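Grab a pencil and work through a few short exercises with me. Try each task on your own before you read the solution.

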Amino acid sequence: MEKFFDQLSVPHLSKIIDLLHPCMDDYLYVYDFTNDYYFISPHAVKRFALPSNEFNNVIANHKKFVYPVDLYDLQEDLALIISGEKDFHNMQYRWLSTSCEPIWVNCRGYAIHENGKPAYMIGCINEIGVKQKADNVSGLLGITGLQQYLQDHSYTIQQGFLLRLGLDDFKEVNEKLGSDYGDMVLRRTAECISSCIKTGQLLFRAVADEFILLDTQCSNMKHAVAQYKLIRQTVDEFVEANHYEAVFTISAGILPCTIMKGHTFSDVMKLSEFSLNEAKREGKNRSYIFEQADYDKFLRRKKITQLLRQSVNNDFEGFEAYLQPVFDSVSNSIYGAESLMRFRTEEFGMISPFEFIPLLEETGLIMPTGKWMLHRSLTICREIQDLMPGFHISINISYIQVMKSNIINEIISAVDMHGIDTANVIIELTESGLLESDSRVTKLVSNLKNNGIRLALDDFGTGYSNFHYLNELKPDIIKIDRSFTLKALQNDYEYQLLSLMSNMVHSLNLKMCIEGIETNDELAKMSKLSPDYCQGYYWGKPCPYDEFKALYLTQ
Ligand code: C2E
Ligand code: CA
Ligand code: CA
């Protein structure tokens with residue numbers, strides 16, 4: 001190779017470049033170290049802020065057309081070539097266009113030696129944007145640029161972090177102010193982030209409204225958080241300077257580079273996406289540092305959601321209705337049962353409803369499973385009534401079912417279909433999910449009443465215990481949650497509070513059910529509050545239907 005170049009001089013090469021340039025989109029160049037001279041395809045002048053297509057004082061002239069942030073890295077790399085420490089130059093960085101926009105270029109070159117010393121470099125420059133690797137809205141390199149960088153440097157990255165930044169609720173900005181305005185916001189956000197970048201860090205645009213900052217030097221994640229805070233402050237300042245025309249915040253997920261080892265690029269993207277989503281899930285306008293334990297929980301939730309969906313599509317295999325006895329404290333006999341959903345899988349065994357019910361609600365799968373539970377519970381109730389006439393069944397309904405399905409019609413037609421007296425059916429609604437002012441809730445309540453089905457307000461005493469509910473919803477039964485029962489058992493003040501509540505409930509002509517009574521002592525203390533119904537491990541844990549029959553219906 002070098003032998004061939006021996007016969008060529010820089011003027012020869014310049015002549016060849018000159019001849020070839022009309023046939024090419026890319027730009028060929030030769031950089032003569034000995035004479036500090038640079039020659040590039042003449043059409044480059046039309047695109048970039050070059051002083052001319054040939055010039056001396058190469059480093060000084062580079063300042064005119066290389067994007068200032070990238071100049072230091074370029075000079076460092078060129079110094080290694082000129083000193084002979086490396087032969088091949090391969091860098092992605094930005095040149096300034098004739099209208100001063102940063103344009104991502106891929107710059108490669110090969111050093112040719114004369115008398116054992118690097119004499120000149122010949123190479124080619126191409127625009128990355130042409131291959132859709134760069135983003136023309138933000139002027140940043142796209143995600144493939146990050147992939148390339150990580151591939152090229154995977155062995156040398158020992159520390160640092162990936163900071164994935166995402167605008168919060170950017171969709172709203174686009175919807176309210178239009179996509180051109182949205183583009184302006186993205187461009188300005190990219191500038192805000194760029195202004196907080198330190199030497200050696202790189203910034204990429206990920207999807208739509210997300211950016212990824214790569215740092216390969218930092219060993220303490222506190223610095224990543226500090227840098228995020230600085231970016232957030234800069235964005236806040238922009239929002240203020242823009243007279244609050246578009247009000248938005250920015251969140252960040254921090255992935256330490258040490259976690260990236262052994263992962264494919266697509267896995268790394270998943271982990272950084274997860275981190276950003278966690279920051280948003282925790283309330284937005286904040287950062288989150290990746291934790292393996294959180295990720296494992298996320299994977300578990302994802303897997304369980306998948307199993308729930310499979311099960312729904314497979315005739316509800318794995319779902320079961322357990323029954324817990326409800327006792328009538330006045331007659332001291334069994335009043336009925338609360339029907340509680342269970343979900344069992346081969347992989348995870350029995351999963352707690354506290355874990356899977358929120359997943360059913362998030363995915364909307366609570367609609368089919370809730371309906372299934374309704375029919376299953378009523379089937380069971382009908383069968384038990386043959387042995388124990390007057391048996392009552394309590395069925396839990398999620399507020400998602402109230403908001404998103406025609407639950408009232410479902411309940412009324414199911415009760416009718418199973419041939420059960422409406423007076424034997426109780427619908428339980430959790431207090432914390434309710435909005436008493438929502439017309440769907442008030443409609444449900446009045447329809448239940450008109451049809452003679454009773455409503456129990458579940459979990460009373462947790463969350464926002466709003467006494468307004470009592471007047472607005474006029475529930476028939478108030479269920480005191482175990483957490484309240486426990487507090488009342490341990491603390492005299494709480495006990496007095498519960499006692500007052502019991503008086504109030506009774507003076508409003510409502511019934512009270514105390515949940516979570518486990519021992520004889522607890523029963524003795526709670527009995528003084530004259531509850532109408534009681535429920536708890538003292539009488540029995542929720543159990544499968546067959547077991548329930550054997551335990552309570554044989555006498
Ligand atoms: P919940 O409706 O308040 O049900 C009472 C919970 O307290 C049940 O937990 C029951 O096993 C537990 N419990 C009852 N007595 C005692 C006791 O003496 N000591 C203790 N430590 N716990 C007691 P479970 O079955 O795990 O259900 C948890 C929650 O899941 C339910 O709370 C309810 O909010 C929800 N859930 C269960 N089944 C359904 C359903 O079919 N639909 C809907 N929407 N939610 C359901
Ligand atoms: Ca309940
Ligand atoms: Ca309850």
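**Exercise 1.** Find where polar side-chain atoms of Glu338 and Asp458 lie relative to ligand 1.

*Solution.* Keep in mind that you are looking at a predicted model.
- Step one: start at Glu338, where a polar side-chain atom sits 3.1 Å from an oxygen atom of ligand 1.
- Step two: go to Asp458, which has a polar side-chain atom 3.0 Å from an oxygen atom of the ligand.
- Step three: add Arg482, with an N or O atom of its side chain 3.2 Å from a nitrogen atom of ligand 1.
- Step four: check these against the cut-off for a polar contact, a pair of N or O atoms within 3.5 Å.

**Exercise 2.** Work out how much of ligand 1 the protein covers, and which elements give two or more residues to the shell around it.

*Solution.*
- Step one: on its own, ligand 1 has 790 Å² of accessible area, and the protein covers 86% of that.
- Step two: pick out the elements that give two or more residues to the shell: strand S15 (333-345), helix H13 (353-363), strand S17 (392-397) and strand S19 (454-460).
- Step three: see which of them gives the most; that's S15, with four residues.
- Step four: look at the whole set of 22 residues around the ligand, where the closest are Gln324, Met341, Arg342, Glu518 and Tyr537.
- Step five: sort the shell by character, and you get 10 nonpolar, five polar and seven charged residues.

**Exercise 3.** Put the strands of the open six-stranded sheet in order and name the edge strands.

*Solution.*
- Step one: read across the sheet, and the order comes out as S3-S2-S1-S6-S5-S4, with antiparallel pairing.
- Step two: look for strands that pair on one side only, which gives S3 (54-56) and S4 (88-96) as the edges.
- Step three: check the twist; ignoring direction, neighbouring strands are turned by 20° against each other on average.
- Step four: see what packs on the sheet. Helix H2 (residues 10-20) touches strand S1 (27-32), S2 and strand S6 (117-127), and its direction makes about 165° with that of S1.
- Step five: do that again for helix H5 (residues 68-82), which touches S1, S4, strand S5 (102-114) and S6, at about 155° to the direction of S4.

**Exercise 4.** Trace the pairing from S4 through S5 to S6, and find who stands opposite Asn106.

*Solution.*
- Step one: recall that strands of a sheet pair through backbone hydrogen bonds, either parallel or antiparallel.
- Step two: count nine bridges between S4 and S5, which pair in the antiparallel sense. Here Gln92 faces Asn106 in S5.
- Step three: move over to S6, joined to S5 by 10 bridges and also antiparallel. On this side, Asn106 stands opposite Asn126.
- Step four: inspect the turns. The hairpin of S4 and S5 has five residues between the strands, and Cys100 takes a positive phi near 70° there. The hairpin of S5 and S6 has two residues between its strands, with Asn115 in the turn at a positive phi of about 50°.

**Exercise 5.** Where does Asn57 lie, and what is its phi?

*Solution.*
- Step one: locate Asn57 in the loop between S3 and helix H4 (58-65).
- Step two: read its phi, which is positive at about 50° although Asn57 is not a glycine.

Notes:
Residues are numbered from 1 along each chain as its sequence is written. Chains are lettered from A and ligands numbered from 1 in the order in which they are written. This is a predicted model: local features need pLDDT of at least 70, side-chain atom pairs count only at pLDDT 80 or more; totals for chains, interfaces and linings use all residues. Side-chain values use heavy atoms; hydrogens and water are left out. Two strands pair if DSSP finds at least two bridges between them. Axes are lines fitted to C-alpha atoms, for helices over the stretch in contact, and angles run from 0 to 180 degrees between N-to-C directions. Contact means heavy atoms within 4.5 Å. A residue is near a molecule or strand if one of its heavy atoms lies within 4 Å of it. A polar contact is a pair of N or O atoms within 3.5 Å; within protein, one must be able to donate a hydrogen and the other to accept it, and residues adjacent in sequence count only if both atoms are side-chain atoms. Accessible areas come from the Shrake-Rupley method with a 1.4 Å probe; for residues, only the protein chains shown count as cover. Ala, Val, Leu, Ile, Met, Phe, Trp, Tyr, Cys and Pro count as nonpolar, Asp, Glu, Lys and Arg as charged, and the others, Gly among them, as polar.
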